[in-house]
Amino acid sequence: MRAVALEAKELRYAVELSAAGELREENGVALRAPAEWSPEHLLLAALVGCSLKSLRHHAAPRRVDVGAASGGARTLVAKRETDGRYAMVDTEVELVVELVPEPESNGLSELLGLAERDCFVGSSLTAGPSYRWTVNGRTIAP
């Protein structure tokens, strides 16, 4: 058998911020975020959404349905000791999901770990987020 080199998948995204403060994505769809939302709030929202999208991505081939799903995130922005720059230094993500069927213990840990690892928003943060999952009403220990 011959090895075949695979090209890595690339995903491209773009946004534009107008002088009036309107955000639009590459297809012209506007984001109607309240003016009170900071870029940091938008990043946290993206982190929650990306984490749930990653969970759905990894659940599908395992024939696990992700039902109701919600979550929240919080962060501390402070001066990093390493370079003296302000950044998100402590970020926590809490996700509440329904999985049907619920994978057995090892399979569940693997699924949640993959969801955390492959959320590119979270993996792009220098200080990676910590996750707390509630699955089918049970809090899953990290």
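**Entry 1: β5 and β6.** I began with β5 and β6 in this predicted model, and I found that the two strands pair in the parallel sense over six bridges. To see one place along this pairing, I looked up Val-93 and noted that Tyr-131 in β6 stands opposite.

**Entry 2: the sheet around them.** I then asked which strands make up the sheet and in what order they come. I wrote down an open sheet of four strands, in the order β4-β5-β6-β7, with mixed pairing. At the edges I found β4 (65-79) and β7 (138-140), and each has a single partner strand, so one side of each is left without a neighbour in the sheet. From one strand to the next, I noted a twist that averages 20°.

**Entry 3: β4 with β5.** Turning to β4 and β5, I recorded that these strands run antiparallel and that 13 bridges join them. For Leu-76 I looked up the bridge partner in β5, and this is Asp-90. I also followed the chain through the hairpin of β4 and β5, where six residues lie between the strands, and there I noted that Gly-84 takes a positive phi near 75°.

**Entry 4: β6 with β7, and Thr-134.** On the other pairing, I found that β6 and β7 run antiparallel and are joined by three bridges. I chose Thr-134 for a separate look, a residue of strand β6 (residues 130-135), and I saw that its bridge partner in β7 is Thr-139. Is Thr-134 buried or exposed? Its relative accessible area is 18%, and because the cut-off for buried is under 20%, I entered Thr-134 as buried. Leaving aside neighbours within four places in sequence, I listed the contacts of Thr-134 as Leu-95, Val-96, Val-97 and Thr-139.

**Entry 5: helices on the sheet.** Next I checked which helices meet these strands. Helix α1 (residues 39-59) packs on the sheet and touches β4, β5 (86-100) and β6, and I noted that its direction makes about 145° with that of β4. Helix α2 (residues 105-117) lies across β5, β6 and β7, and runs at about 135° to β6.

**Entry 6: a second sheet.** Last, I looked at β1, β2 and β3, three strands that form an open sheet in the order β1-β2-β3 with antiparallel pairing. The edge strands here are β1 (15-17) and β3 (30-31), each of which pairs on one side only. Between β1 and strand β2 (residues 23-25), which run antiparallel, I recorded three bridges, and I added that Glu-16 stands opposite Arg-24 in β2.

Key:
Residues numbered from 1 in each chain as written. Predicted model: local features only at pLDDT ≥ 70, side-chain atom pairs only at ≥ 80, totals over all residues. Heavy atoms only, no water. Pairing = 2+ DSSP bridges. Buried < 20%, exposed > 50% of the residue type's maximum accessible area, 1.4 Å probe, protein only. Contact = heavy atoms within 4.5 Å. Axes fitted to C-alpha atoms, helices over the stretch in contact; angles between N-to-C directions.
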